[in-house]
Amino acid sequence: MPRASAARYGPWGGAALLLLVAVAYLSVSEAAVSEGASVDGSTSGPSAVDAPFASSGARPGGAPPDISSMSPRERAGRLHDRIMRYVAEGKTDSAQFFAPMAMASFAALGPELDTGARYDFGRVAAETGSLDVAAAQSDTILQGSATHLLGLALRARTAEARGDAAGAVAAWRAFSAAQDAERAKKLPEYQTHAADLDQA
């Protein structure tokens with residue numbers, strides 16, 4: 001393959017490979033959980049709760065959700081939710097472990113990588129140290145709308161993670177100035193991320 005083509009498609013190939021590894025791992029994990037055993041061989045029942053896709057989608061009786069029936073967007077969203085939960089609980093090792101899977105899932109979405117998904121992608125990246133990725137997602141959101149609240153909040157949080165106090169203050173001020181008018185638009189992504197916007 002010519003060098004130009006390798007440079008162009010190499011990162012996507014790596015992301016696809018990582019996603020396949022993640023799905024294989026999670027399939028083994030789900031099979032173990034459904035048989036009453038965790039991935040490390042223990043027989044603790046609550047292991048279903050710790051499976052990255054099991055949070056709010058576990059079926060009645062404690063069975064883990066069927067990840068094969070989820071869309072790529074749903075799988076990426078479940079990973080995002082799990083990582084944010086780990087971050088909130090201070091479980092940084094667990095968040096770091098699942099972050100590459102989540103970011104590969106978001107990167108593979110293609111046309112499904114809408115504004116809400118970009119924000120989730122950026123949040124995972126910002127919380128796990130991939131600040132260039134987080135900044136790229138906020139920039140892309142704000143290219144579409146310079147006052148979009150998710151883009152401004154992501155820009156502010158990324159600046160905070162970088163130690164850029166001035167950049168964070170500027171982004172939060174822009175967020176505050178735009179908040180009433182933007183929320184009045186009732187955009188779908190504002191509804192699904194209402195808790196994040198309230199916290200911001």
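## Exercises: rings, cores and one histidine

This predicted model holds four aromatic pairs. Let's work through some of them, then look at what lies around them.

**Exercise 1.** Work out which kind of pair the rings of Tyr86 and Phe98 make.

*Solution.*
- Start with what you need: a pair of aromatic rings is described by the distance of the centres and the angle of the planes.
- Here the centres are 6.1 Å apart and the planes sit at 10°.
- Planes under 30 degrees apart count as stacked, so Tyr86 and Phe98 are a stacked pair.
- Now place the two residues: Tyr86 is in helix H3 and Phe98 in helix H4, so the pair ties together parts twelve residues apart in sequence.
- Tyr86 and Phe98 are both buried.
- Ring pairs also bring in Phe97, giving a cluster of Tyr86, Phe97 and Phe98.

**Exercise 2.** Do the same for Trp172 and Phe175.

*Solution.*
- The distance is 5.6 Å centre to centre, with 80° between the planes.
- An angle over 60 counts as edge-to-face, and that is the label for Trp172 and Phe175.
- Both residues belong to helix H8 (residues 165–184); being three residues apart, they are separated by about one helical turn.
- Trp172 is buried, and Phe175 is too.

**Exercise 3.** Find out which helices build the largest nonpolar core.

*Solution.*
- The core has 22 residues, and Ile83, Phe98, Phe106, Leu109, Leu113, Phe121 and Val124 have the most contacts inside it.
- At least two core residues come from each of H3 (72–88), H4 (92–107), H5 (115–127) and H6 (131–144).
- H4 gives the largest share, with eight residues.
- Another core, of 17 residues, lies apart from this one; Leu152, Ala153, Trp172 and Tyr190 are among its members.

**Exercise 4.** Decide whether His148 is buried or exposed, and list its contacts.

*Solution.*
- First locate His148: it's in the loop between H6 and helix H7 (149–162).
- Its relative accessible area is 5%. Buried means under 20%, so His148 is buried.
- Skip neighbours within four places in sequence, and His148 touches Thr115, Ile141, Leu142, Glu182, Leu187, Glu189 and Tyr190.
- Closer along the chain, a polar atom of the His148 side chain lies 3.2 Å from the backbone nitrogen of Leu150.

**Exercise 5.** Say where the predictor's confidence drops below 50.

*Solution.*
- Check the whole chain: the mean pLDDT is 78, and 66% of residues reach 70 or more.
- One stretch below 50 is residues 27–50, which has 29 contacts in the model beyond near neighbours in sequence.
- Residues 55–62 are below 50 as well, with eleven such contacts.

Technical notes
Residues numbered from 1 in each chain as written. Heavy atoms only, no water. Core = buried A, V, L, I, M, F, W, Y, C linked by side-chain atoms within 4.5 Å. Buried < 20%, exposed > 50% of the residue type's maximum accessible area, 1.4 Å probe, protein only. Helix = DSSP H or I, 4+ residues; strand = E, 2+ residues; numbered from the N terminus. Contact = heavy atoms within 4.5 Å. Polar contact = N/O pair within 3.5 Å; in protein donor to acceptor, adjacent residues only side chain to side chain. pLDDT = per-residue confidence, 0-100. Phe/Tyr/Trp six-rings, centres within 6.5 Å; stacked < 30°, edge-to-face > 60°.
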